[in-house]
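Please open the model in a viewer and keep the selection panel at hand. The tour proceeds from the ligand to the space around it, and then to the enclosed space elsewhere.

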Amino acid sequence: MRSRANVMIGRVLAVLLPWAVVATTAAASAQTLKTIKDRGTLVCGVSDGIIGFSRADADGAWSGFDVDFCRALAAAILDDAGKVKFISLSTGDRFPALQSGQIDVLSRNSSWTMSRETDLGLMFAAATFYDGQGFMLRRSRNITTALDLGGSKVCVQSGTTSELNLADYFDANGMTYQAVPAASADDAAKAYDAGRCDVLTSDAAQLHAERLKMSRPNDHDILADIISKEPLGPAVRQGDPQWFNIVKWTHFAMVNAEELGVGSATIEGALASNKPDVRRLVGNEGNYGEQIGLTRDWAARIVRLVGNYSDVYERNVGTKSRLAIPRGINQLWSNGGIMYAPPIR
Ligand SMILES: N[C@@H](CCC(=O)N[C@@H](CS)C(=O)NCC(=O)O)C(=O)O
């Protein structure tokens with residue numbers, strides 16, 4: 001028979017052990033920066049291939065807006081924008097890959113929503129691209145408003161916010177539709193191009209990318225109507241505040257650099273600037289980088305090796321790219337947009 005003392009010890013352990021397990025897991029997961037430094041490479045989850053956002057060329061070299069965000073992290077941490085291993089993830093695999101620790105960060109046209117944080121145990125560090133859901137359809141249909149899409153067959157990728165918003169929008173406007181679900185962006189685009197649906201719906205920036213894949217891109221219109229908010233940005237696991245801060249402040253450093261006129265073409269001159277906010281950004285005043293486990297010149301490395309927010313936007317999705325998506329609400333707040341970064345000080 002168990003003695004009373006043993007029963008008491010058993011009860012105390014039963015209460016304490018789960019907490020010990022939780023504490024150990026949290027401590028173990030709060031090591032992302034150290035893991036990356038020890039490994040010498042950042043492991044970054046990206047999409048299967050969206051022009052302008054993340055795409056590998058025939059030689060396996062990755063480029064794009066989401067790719068450059070991971071290159072900026074590698075520049076800040078390892079002083080080498082090339083030290084990134086990109087893992088291409090389908091829509092269904094993206095969050096499990098992050099939860100299981102297969103990747104350090106997810107930088108993959110993923111929308112920040114409440115349930116993706118609360119249900120999935122993730123945290124979005126920033127909105128790097130404010131998008132919204134749109135519709136693409138054949139120009140020959142002569143439709144100019146989404147409210148005339150009733151009765152359409154709509155191609156949409158499963159497991160996305162796009163699928164949920166589509167249902168909400170048609171429902172709210174009393175319109176019927178038939179969803180034609182696709183397993184990947186490529187499948188959705190091909191199904192639409194082959195005429196298996198009359199409308200393709202997705203985040204508007206992705207529609208611009210999909211249009212370039214069509215056999216006759218000019219035959220298709222993207223309607224001006226935007227039916228949802230899709231704040232796209234990088235996500236990390238919960239439980240590692242240092243890593244969360246690094247990801248968050250990497251984005252803010254790029255936005256602040258643009259606002260201060262510090263870009264890849266001007267970074268060397270900026271190192272000699274006597275403006276206090278430029279001096280703080282490039283690491284000549286204060287030790288902001290060191291406080292997040294990096295070096296003083298962390299932000300200068302990002303700008304020198306990858307660029308500021310505008311450099312990255314224009315090169316990949318803006319006017320210097322095939323997509324030519326205007327900055328729109330992704331303009332800096334000081335230029336009429338909503339892109340705003342808290343100050344480094
Ligand atoms: N932003 C939306 C949509 C993200 C998404 O996965 N979109 C699809 C449809 S365009 C995609 O990127 N697919 C990439 C692929 O399958 O290669 C979300 O987070 O749910």
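**The ligand and its contacts**

Select the side chain of Thr91: one of its N or O atoms is 2.9 Å from an oxygen atom of the ligand, a polar contact (a pair of N or O atoms within 3.5 Å; within protein, one must be able to donate a hydrogen and the other to accept it, and residues adjacent in sequence count only if both atoms are side-chain atoms). Next, select Asn109, whose side chain places an N or O atom 2.7 Å from a ligand oxygen. At Thr161 the backbone takes this role, with an N or O atom 2.9 Å from an oxygen atom of the ligand. On its own the ligand has 500 Å² of accessible area, and the protein covers 97% of it (Shrake-Rupley method with a 1.4 Å probe).

This is a predicted model, in which local features need pLDDT of at least 70 and side-chain atom pairs count only at pLDDT 80 or more, while totals for chains, interfaces and linings use all residues. Residues are numbered from 1 along each chain as its sequence is written, and side-chain values use heavy atoms, with hydrogens and water left out.

Now display the shell of 19 residues around the ligand, of which the closest are Asn109, Arg116, Gln157, Asp203 and Gln206 (a heavy atom within 4 Å). Coloured by class, this shell shows three nonpolar, eleven polar and five charged residues.

**The largest pocket**

Which space does the ligand take? It occupies the largest pocket (more than half of its atoms lie within 2 Å of the grid points). That pocket holds about 400 Å³ of space. Select Ile50, Thr91, Gln157, Ala185 and Gln206, the residues nearest its centre among the 31 that line it. Then highlight β9 (152-157), α6 (161-172), α7 (185-193), β11 (199-203) and α8 (204-213), each of which supplies at least two lining residues. The lining divides into seven nonpolar, 15 polar and nine charged residues.

**The largest cavity**

Two cavities of 30 Å³ or more are found in the whole structure. The largest contains about 140 Å³ of space; of its 17 lining residues, Phe65, Asp66, Phe69, Thr128 and His251 are the closest to its centre. Select α3 (65-78), α9 (241-259) and α14 (309-316), which each supply at least two residues of this lining. α3 gives the most, with four residues.

Key
On a 1 Å grid over the protein atoms alone, a cavity is a set of points where a 1.4 Å probe fits but cannot get out, and a pocket is an open set with protein on both sides within 12 Å along at least five of seven lines; lining residues have an atom within 4 Å of a point. Ala, Val, Leu, Ile, Met, Phe, Trp, Tyr, Cys and Pro count as nonpolar, Asp, Glu, Lys and Arg as charged, and the others, Gly among them, as polar. Grid points are joined across faces, edges and corners, and a volume is the space filled by probe spheres set on the points.
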